[in-house]
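Q: Could you take me through the features of this model one at a time, giving the general idea before the particular case?

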Amino acid sequence: MRCSICGKEIKGRGNSPYPIPGGKCCDECNYRVVVPFRVFLNSIEKGDVAMLIKPKGVIENIKVTEPLTLEQLQAAVEGYIAITPSPIENYIFVVNEEGKLKGLPFNKIVYLLFGTEFVGNVLVVHKQWVE
C-alpha cells in the first residue's frame, strides 16, 4: 500500500490522513503534514497560528502575536510576495511572486489541502496579521 501524500510504500498499518483526502498515509507524512494541519485547523477560530507549507512535504505552524512585516513574509516565501485569497474565510495565501520564473518546485501539499497550484513555500495566514 502506498502513502496517499508522498506516494512511498507504507510500512505497517499506515495512518488516516483525514482531513486530507486519501486512503492511508505513512508515519512520516502523518508527523510532517497531517498532524500539523490538524493543529492549524483547530486554531482557525483564534486566528493566531499561520501555516507555512513547504514543497518538500513539511508543514510548520507559526504562532503569530503581532502583524508580520514585509521582511518576515518575504523570508517565509523566500522572495517577493504575492497575496491571494484562501478558501478559508479571513485567511490569505502568501506566495513567492517569482516562483515559477525561478523554477521553484510544485507544492503538492497545498494542492492536496486546497486544490490550488502554487510553487515554493506557501504561507497561510489570517489577514489581520498582514500589514
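The dialogue below goes from the overall fold to the sheet, the helices, the cysteines and some backbone details.

Q: What should I know about the origin of the coordinates and the conventions before reading anything else?
A: This is a predicted model, in which local features need pLDDT of at least 70 and side-chain atom pairs count only at pLDDT 80 or more, while totals for chains, interfaces and linings use all residues. Residues are numbered from 1 along each chain as its sequence is written, and side-chain values use heavy atoms, with hydrogens and water left out.

Q: How many helices and strands are there in the protein chain, and which pattern does the protein chain follow along the sequence?
A: Helices (H or I, at least four residues) and strands (E, at least two) are taken as DSSP runs and numbered from the N terminus. The protein chain has three helices and five strands, and, read along the sequence, they follow the pattern α-β-β-α-β-β-α-β.

Q: What radius of gyration does the protein chain have, set against that of a compact globule?
A: The radius of gyration is taken over C-alpha atoms, and the globule rule is 2.2 Å times the number of residues to the power 0.38. With 131 residues, a compact globule would come near 14 Å, and the protein chain has 15 Å, which agrees. The C-alpha trace spans about 45 × 35 × 20 Å along its principal axes. Where contact means heavy atoms within 4.5 Å, 45% of the contacts between residues at least 6 apart in sequence join residues at least 24 apart.

Q: In which order do the five strands form the sheet, and is the pairing parallel or antiparallel?
A: In general, strands of a sheet pair through backbone hydrogen bonds, either parallel or antiparallel. Two strands are counted as paired if DSSP finds at least two bridges between them. Here the five strands form an open sheet in the order β2-β1-β5-β4-β3, with antiparallel pairing. The edge strands, each pairing on one side only, are β2 (58–63) and β3 (81–85). Neighbouring strands are turned by 25° against each other on average, direction ignored, where axes are lines fitted to C-alpha atoms, for helices over the stretch in contact, and angles run from 0 to 180 degrees between N-to-C directions.

Q: Which residues stand opposite each other, for example Met51 in the sheet?
A: Strand β1 (residues 49–54) pairs with strand β5 (residues 122–126) over three antiparallel bridges, and Met51 stands opposite Val124 in β5. Strands β3 and β4 pair in the antiparallel sense over five bridges, with Val94 in β4 as the bridge partner of Ile83.

Q: Which strands does helix α1 touch, and which residues of helix α2 are buried?
A: Helix α1 (residues 27–42) packs on the sheet, touching β1, β2, β4 (91–96) and β5, and its direction makes about 30° with that of β2. For burial, buried means under 20% relative accessible area, exposed over 50%, and partly exposed in between (1.4 Å probe, protein chains only). In helix α2 (residues 70–77) the buried residues are Leu73, Ala76 and Val77. These three cover an arc of only 85° around the axis, which puts them on the same side of α2; the arc is that of the directions from the helix axis to the C-beta atoms. The buried residues of α2 pack against β1, β3, β4 and β5, whereas the face turned away from the buried side carries the exposed residues Glu71 and Ala75.

Q: How many disulfides does the count give?
A: A disulfide is a covalent bond between the sulfur atoms of two cysteines. The criterion used is a pair of cysteine sulfur atoms within 2.5 Å, and by this rule the count comes to zero. Cys25 is in no disulfide, its nearest cysteine sulfur being that of Cys3 at 5.3 Å. The sulfur of Cys29 is 3.7 Å from the closest cysteine sulfur, in Cys6, which is too far for a bond. Cys25 counts as buried at 0% relative accessibility, and Cys29 counts as buried at 7%.

Q: Where do Glu78 and Asn90 lie, and what is the phi of each?
A: Glu78 lies in the loop between α2 and β3 and has a positive phi of about 60° although it is not a glycine; with a relative accessible area of 55%, Glu78 is exposed. Asn90 lies in the loop between β3 and β4, has a positive phi near 70°, and counts as partly exposed at 34% relative accessibility.

Q: Which residues does a cis peptide bond join?
A: A cis peptide bond joins Tyr18 and Pro19, with omega about 15°, and Pro19 lies in the segment before α1.
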